[in-house]
Amino acid sequence: MTRKYPHLCQPIKIGNVYFRNRMFGAPMGGTDITADCTIGPASTAFYENRAKGGVANVTVSELVVHPKTEGSHMFHLDLQTPGSLASFTYTADAIRRHGAIASVELSHSGQYAGTYLTDKNQKEGLYQWGPSQGTRPDGREVHELTEALIAEIVEAYGEKAALAKRAGFEMVMVHGGHGWLINQFLSPWFNKRTDGYGGSRENRVRFAIEVLQSVRRAVGDGFPIEFRMSGSELFDGGYDLAEGIEIAKLLERHVDILHVSAGTYQRGFGLTHPSMFLPHGSNVYLAAEIKKHVSVPVATVGGLNDPQMMEEIIASGQADIVEMARALLADPALPNKVMANQDDTIIRCLRCFTCMAERAETSTRRCTVNPLIGRERDGLEIPRAPQRKKVLVVGAGPGGLQAAWTAARRGHEVVLCEKNHEVGGILIGEQAIDFKYEMYQLGQTLGKLCADAGVDIRLNTPVTPELADSIHPDALIIAAGSEANVPPIAGIHHRNVVLINDYHHHQDEIDDDVVVLGGGLAGCEVAIHLARQHKRVKLVEMNAQLSPDANIRHRPLLLAEIEKSGIAVYTEHRALAINDDGVRCENARGEQVNISGKSVICALGQRSRHEVIEALRDCAPWVAQVGDCVKVSTITTAIYQGHHAAMDV
């Protein structure tokens, strides 16, 4: 067959190891870590699922090499802990049996030990070590590593690499970026030492080289060593790209792959992991420039999920390998779909940070668009139902689409009715906001998957009890979604007012002077979008805080964008009336103020469509309700509930 993306699908040999394509699985932490810090069975299933999807390698993250000076509750590997070596062996085997190469990330967080701990008391009790003594911005003391401890840590990297090889891993990644310990030594911001490990560039690189030499002695020649580095730290006081090039040149003879990422974790999370506010591939330029100066293969990473973009990166010589993490959460089968020329069925990562917020909040994994992430042990296959039934799904939003697709794959006869002229539900409106366009694409992709699975999709078809009775379903899944909340504010139906759900129909009518009424997630995001169009935007919120409904990873980036965009923010302002010239509000002191704006966008939340549930709840022997029609929530909730409702039929 002729490959649509030949460069992306081309194998590559590194050391003595053969990789089946150029799509690598970047490190992503697992879904369970035992009390003894071994890989739990859910994590083994998580990594195996990635391997089955066709990726060239799967990197297990993160193996703490020296718990004595790290202390974080991440993976450990030693011969003393019962089950430690075995857990890594079973995981490597689970990855390799599907044709992917098993790799493990060797890591030390240095002065940022405890970043992933959800137990704040345990985090407070950690002893922080770094290249230099000092105080972190959060007030925690950092203790300078002695040369004796440095030697211990260097030796520990080799010991862990040897054990990983014994367990069946055929590759290791040494984490030298993102503000972790090796990066702290490389960085003039963190490293203030005056001995042989500080000062000059050669001295700052010394620790990294000693670590890589220790690993090479442990694993031998031909065993690939990947080194992850930040091409630039991307903040004043850190090293820039020019320095990153020189660091790469000093390291290249000790590594087999230079994996070029960006930024420093604690000073630029949304840059290291490019947020939806940045273009896809925003960090590729760093790898492309470093590649001009080194002879070893170079990998790039950061918000990549488009096969056409990744093909161009390889074809144009910007990098030899593309790496993905979040994109393979959203669709682990992405590489297989690329290899099979089925890229139009890829479910793309939304860069919403649900996955990383859940990690920080509950030490688990969850993905907005993939209901199986973190639940792989429950079964990855969609089993055929023992009896074929007729299933009626009401509403083609994300929950209804997922329910219909899952039910069809189970072998049921599925009718999906949607009152609008296209599928997608609340996602339809996202087509007008450039950085949220992938949410609109999600609805279109799920619609295609439903059609391909044989779902009878009926548009412009609101479901009444009479229609449901005529279809005579065995099972009814109500996913009728929500509608815009329209409170009784004087003038809210005025001609200059646009409801957020209808913005995509009226985007060309919005004046350059605009008020966004409602500072929740939807209001904040449309305000940012309008500000990027160089409009004068006022954001009005009745509560004291903006967007408490955003997750803990996305919200700080959202607020930073609002500040950067020059949006005028009015918190604790309650709207009283809307007129041709803007909105009359009452502030926290009880004063009435006028906020000017020729256009007003109302983003005052959503209201569940409970009336649809009430009208249809007796229209089938078995009835389920999912998503916003039950309780206004998230895409994550709708898709998860829709999938499992269909699994229950």
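This text leads through two parallel sheets, a hairpin and a surface patch in a predicted model.

The closed barrel comes before the rest. Eight strands make up this barrel, in the order 3-4-5-9-10-11-12-13, and their pairing is parallel. Averaged over the sheet and with direction ignored, neighbouring strands are turned by 25 degrees against each other. Helix 4, residues 84–96, packs on this sheet and touches strand 4 (57–64) and strand 5 (101–107). The direction of helix 4 makes about 135 degrees with that of strand 5. Elsewhere in the barrel, strand 9 (residues 171–176) pairs with strand 10 (residues 225–230) in the parallel sense, over five bridges. Within this pair, Gly 176 stands opposite Met 229 of strand 10.

The other parallel sheet is open. Five strands form this sheet, with parallel pairing and the order 16-15-14-17-28. Its edges are strand 16 (456–458) and strand 28 (622–625), each of which pairs on one side only. From one strand to the next, the twist averages 15 degrees. At the edge formed by strand 28, the partner is strand 17 (residues 475–478), and the two pair in the parallel sense over four bridges. Leu 476 is opposite Val 623, a residue of strand 28. Helix 16, residues 398–409, lies across strand 14 (390–394), strand 15 (413–417) and strand 17. With strand 15, helix 16 makes an angle of about 165 degrees. As for the side chains of such strands, those in a regular strand alternate between the two faces of the sheet.

An antiparallel pair comes next. Strand 24 (residues 582–586) and strand 25 (residues 592–596) run antiparallel and are joined by five bridges. Across this pair, Arg 584 faces Asn 594 of strand 25 by standing opposite that residue. The two strands, 24 and 25, form a hairpin with five residues between them. In the turn of the hairpin, Gly 590 has a positive phi of about 85 degrees.

The last feature lies on the surface. Leu 234, Leu 271 and Tyr 285 form a nonpolar patch there, and together they have about 240 Å² of accessible area. One of these residues, Tyr 285, is placed in helix 11 (residues 284–291). Tyr 285 counts as partly exposed because its relative accessibility is 42%, a value between the limits of 20% for buried and 50% for exposed.

Methods. Residues numbered from 1 in each chain as written. Predicted model: local features only at pLDDT ≥ 70, side-chain atom pairs only at ≥ 80, totals over all residues. Heavy atoms only, no water. Patch = residues over 30% accessible without salt bridge, like charges linked within 9 Å, V, L, I, M, F, W, Y side chains within 5 Å. Areas by Shrake-Rupley, 256 points an atom, 1.4 Å probe, with all protein chains shown as cover. Salt bridge = Lys/Arg side-chain N within 4 Å of Asp/Glu carboxyl O. Buried < 20%, exposed > 50% of the residue type's maximum accessible area, 1.4 Å probe, protein only. Pairing = 2+ DSSP bridges. Axes fitted to C-alpha atoms, helices over the stretch in contact; angles between N-to-C directions. Contact = heavy atoms within 4.5 Å.
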